[in-house]
Amino acid sequence: MAMTSSRGRRRRLPLWALVLTVVAVALPAVATSRAQGAATGCTVTYTTNEWAGGFTAQIRVTNLGAALNGWRLEWTYGGDQQITSAWNAQVTQSGNAATAVNAAHNAVLATGGSVDFGLQGIWRTADPAPTAFALNGAPCGGTTTPTPTPTPTPTPTTPAECAGTGATICSDFEDQRGTVPSGDWQTTAPDCQGTGKVTVDTSVAYSGTRSLRVDGGAGYCNHVFAASTRDLSSVGPVVYVRMRVRHTTALPTSHVTFVSMPDASQGGKALRVGGQNGALQWNRESDDATLPEQSPAGVTLSTPLATGRWLCLRYQIDTTAQSMRTWVDDQEVSGLRVDGVPTQDVDGQWLARRTLPRPTGLRLGWESYGTGEDTLWFDDVALGSSPIGC
């Protein structure tokens, strides 16, 4: 009887003992599952284009885990990089730590899906690519691949019109390979990006077989550009620019921009060539001054731009005096001239600022601030310290 009682007690384990046994067995499986998710949850490619003191980076995030509605990518720089702008994501930086958060239009990231965004920045001593990323707090492992600077494209040909001028920029885009601007031209959106895009086009060209195509979208803050990687700080004292441009749509009533030049005298804000009230205009970003003034009389002193054909746009900016001139098809536009002497309805706003311009870069694309969309092309772009004709 005593033996039978002993066997019964061994068979009837208390309930709490059974629970502890199950938990002890299950815990290692849970820990293993989490480790595997962290190692294979995402991959990142970080493709850079670097020049002295500056860089752009295109970043692709591929989600290998569960679908996400809202994502955050974090990484740390190993050099002294400072991010200055970004597109397709909201990017912030604190010390060496950077964080990118989805934009409204790309918040959903399906399993196996990818999202692309880009950024531009500066550096002084070192610009190594980051080697570790985390998506929504989970490390991206395994195939996380920071990509080095792409192999340089072939040496560009020199358009005949600027041969022998010593131009700092002289591009007919014949050196471009593929549809994404590369090498001396990089896609950027200085403030924010919408639906616009920039591509290398082989179906429309002024010379050769390639041009730069811009599909410019309407809507507030719809910006996209191809930016030259050349530093223009030492060009001058007069900066001469010549380009071929072809518009599909007439310049709108609302303000738009298709050429933008960062200006050191404005703290990096831009001198902008575009349109308003249907006519060509200059705009100064820091104080929104226009050339000509947007009075009815001022607008008539400028010119609309023809559509469906190539135009030759030329202008010059003096960095030592209050002097600017602009030509369309070799006809000077009187309403786009600054000579230091105020002209009614033309340059009163412009001359209110006495600081002389100092362009440091060239960007070709489209900025819309409300209504106004266009498809346009650029070709045979030249910029230097000597006049360059059409």
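Okay, so the second largest cavity holds about 40 Å³ of space. Keep in mind this is a predicted model.

Who's around that space? The lining is Val-245, Phe-258, Leu-280, Leu-305, Leu-311, Cys-312, Leu-313 and Val-328. Sort those by type and you get 8 nonpolar, no polar and no charged. Strand 23, residues 310-318, gives the most to that lining, with 3 residues.

Now, how many cavities of 30 Å³ or more are there? The count comes to 2. The largest cavity has about 110 Å³ in it. Its lining has 15 residues, and the closest to the centre are Arg-284, Gln-322, Trp-350, Thr-355 and Pro-357. The mix here is 6 nonpolar, 5 polar and 4 charged. Compare that with the second largest cavity, where no polar and no charged residues turn up in the lining.

Okay, on to the open space. The largest pocket comes out at about 750 Å³. There are 33 residues lining that pocket, and nearest its centre you'll find Thr-84, Gln-120, Pro-262, Thr-360 and Arg-363. Several strands give two or more residues to the lining, among them strand 2 (54-63), strand 5 (82-87), strand 9 (114-122), strand 19 (256-262) and strand 26 (363-368).

Which strand gives the largest share of the pocket lining? That's strand 9, with 3 residues.

And the chemistry of the pocket: 8 nonpolar, 17 polar and 8 charged residues in the lining.

That's the tour; if you have the structure open, go and look at Gln-120 and Arg-363, which are among the residues nearest the centre of the largest pocket.

How values were computed: Residues are numbered from 1 along each chain as its sequence is written. This is a predicted model: local features need pLDDT of at least 70, side-chain atom pairs count only at pLDDT 80 or more; totals for chains, interfaces and linings use all residues. Side-chain values use heavy atoms; hydrogens and water are left out. On a 1 Å grid over the protein atoms alone, a cavity is a set of points where a 1.4 Å probe fits but cannot get out, and a pocket is an open set with protein on both sides within 12 Å along at least five of seven lines; lining residues have an atom within 4 Å of a point. Grid points are joined across faces, edges and corners, and a volume is the space filled by probe spheres set on the points. Ala, Val, Leu, Ile, Met, Phe, Trp, Tyr, Cys and Pro count as nonpolar, Asp, Glu, Lys and Arg as charged, and the others, Gly among them, as polar. Helices (H or I, at least four residues) and strands (E, at least two) are DSSP runs, numbered from the N terminus.
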